[in-house]
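Trainee: I have a model open and want to learn how to read its strands and helices. Where do we begin?

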Amino acid sequence: MYKFLNWIASLLAPLLLLGCSDGSDNPVANVLDSLPMNQLQYLGTHNSYHIEPEEDLFGLLLAVIPETAPTLQYTHRPLTEQLQELGIRQFELDVFADPQGGLYAERKVRTLFDEPAASGLAELDEPGLKVLHVQEIDYQTTCLTLVRCLQEIRQWSDDNPQHLPVMVLIEAKDEAIVDPLELGFSVPVPFDAAALGRIDTEIRSVFADARIILPDDVRGDSVTLEQAVLTRGWPTLGEARGKVMFALDNGGARRDTYVQGHSSLAGRVMFTDSPPGTPEAAFMKRNDPLSNPGEIADLVSRGYLVRTRADADTQESRNGDTTRRDAALASGAQFVSTDYPQPDPRFTDYQVTLPGPGVARCNPVNGAACEAAGLPLF
């Protein structure tokens, strides 16, 4: 669908640029690119890399953990397809530290099905952050490493240099899981300060700083990052096009470790889910749009970026209930995340799309200037 929309946009471009040598003096184009990026609403995906467990393993999980197994029964398309075909502009990636390499190269649960534990995937033997949901039992992914996932996003970005900003939410995971059959499940490496710093390092190994919306850039000469977003505001679309921003999904002690020594996230790559009133407050997660009615709209009105979720644990897809989805879209959260940008035909026709034809829409809470412009947002 979005290939078609891009084609329409290409037809409109000569009209928009009529009488202008390079489009820089075009008042229509200038109005669009002068809009702050937080005055739009974008569609995202939750656990964007995820492929549901193999059928035999899922059957075993359903027998052993019948309440949890159904929550794992969803699959996302590769990141490039999500960007190009589904208009996704926010991803979520879960990462596990693997400084020596090989920690997740074996799937020991496969031995229960008379298969070798070795995955045979060379990427898993190399040192670096690995992308998966739950080690040993929910490990299938469209991109095995953080670097590989980001390279895929960068390649698409290179091919579409005028794209609206893309946000990547990264969760650092190190929780061990129960090994009831004593198969020798891998024990994750704890995410200490050094391991969290490696997330920044791997991001910068793929994206140059000039391609990233950095906390330092948003803060500018303001005293704190929060002061900057509440007064001067976020970059405009003209400044943000072709760029990617990153945020740490974790809160609590892990967030505090990442912030320590970096007040207002000075020198850091990722924004953090920090509460209002702190120097780092700029981006926030409010995953349940129904839990505190009006809170998200208030945060958005004040100038923060917010991510919420339209569904969780496959429930909405199974029962077709759109209550949470509708609340998420109406909340004004700039990033509305879902497991169902397309319906799962095994369940219902539930899916989440943005109203209108584009990959973003004017924000229903703070997008009055965007609405007044009346412009396409391809």
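Mentor: We will take two strands, their neighbours and one helix. Keep in mind that this is a predicted model.

Trainee: How do I read the faces of a strand?

Mentor: In a regular strand, side chains alternate between the two faces of the sheet. Now look at strand 8, residues 305-309. L305, R307 and R309 point one way. V306 and T308 point the other way.

Trainee: Are the residues of strand 8 buried or exposed?

Mentor: Five of its five residues are buried, so count as under 20% relative accessible area. That includes R307 and R309 on one side and T308 on the other.

Trainee: Which strands pair with strand 8, and in what sense?

Mentor: Strand 7, residues 283-285, pairs with strand 8 in the parallel sense over three bridges. M284 has V306 as its bridge partner. The chain gets from strand 7 to strand 8 through helix 11, residues 295-302, and this β-α-β crossover is right-handed. Strand 9, residues 335-338, is also joined to strand 8 by three bridges, and the two run parallel. There, R307 stands opposite F335.

Trainee: Where does strand 9 lead next?

Mentor: To strand 1, residues 40-45. Four bridges join strand 1 to strand 9, and they run parallel. G44 has S337 as its bridge partner in strand 9.

Trainee: In which sense does strand 1 pair with strand 10?

Mentor: Antiparallel, over three bridges. Strand 10 covers residues 360-362. In this pair, Q41 is matched with R361.

Trainee: Which residues lie on each face of strand 1?

Mentor: L40, Y42 and G44 are on one side, with Q41, L43 and T45 on the other. Both faces are covered. Six of the six residues are buried.

Trainee: Now a helix. What should I look for?

Mentor: An α-helix has 3.6 residues a turn, so residues three or four places apart point the same way. Try helix 6, residues 193-206. Its buried residues include A195, I199, E202 and V206. L196, G197, D200 and I203 are buried too.

Trainee: What do the buried residues of helix 6 pack against?

Mentor: Several elements, among them strand 2 (90-96), helix 5 (146-159), strand 4 (166-172) and helix 10 (252-259). Strand 5 (244-248) and strand 6 (270-272) are also on the list.

Trainee: How many residues does helix 6 have, and what is its span?

Mentor: It has 14 residues and reaches 21 Å from its first C-alpha to its last. That is close to the 20 Å expected at 1.5 Å a residue.

Trainee: Which residue caps the N-terminal end of helix 6?

Mentor: D192. One of its side-chain oxygens lies 3.2 Å from the backbone nitrogen of A194.

Key
Residues numbered from 1 in each chain as written. Predicted model: local features only at pLDDT ≥ 70, side-chain atom pairs only at ≥ 80, totals over all residues. Heavy atoms only, no water. Buried < 20%, exposed > 50% of the residue type's maximum accessible area, 1.4 Å probe, protein only. Pairing = 2+ DSSP bridges. Right-handed = clockwise from strand over helix to strand, strands pointing away. Expected span 1.5 Å × (residues − 1). Contact = heavy atoms within 4.5 Å. Polar contact = N/O pair within 3.5 Å; in protein donor to acceptor, adjacent residues only side chain to side chain.
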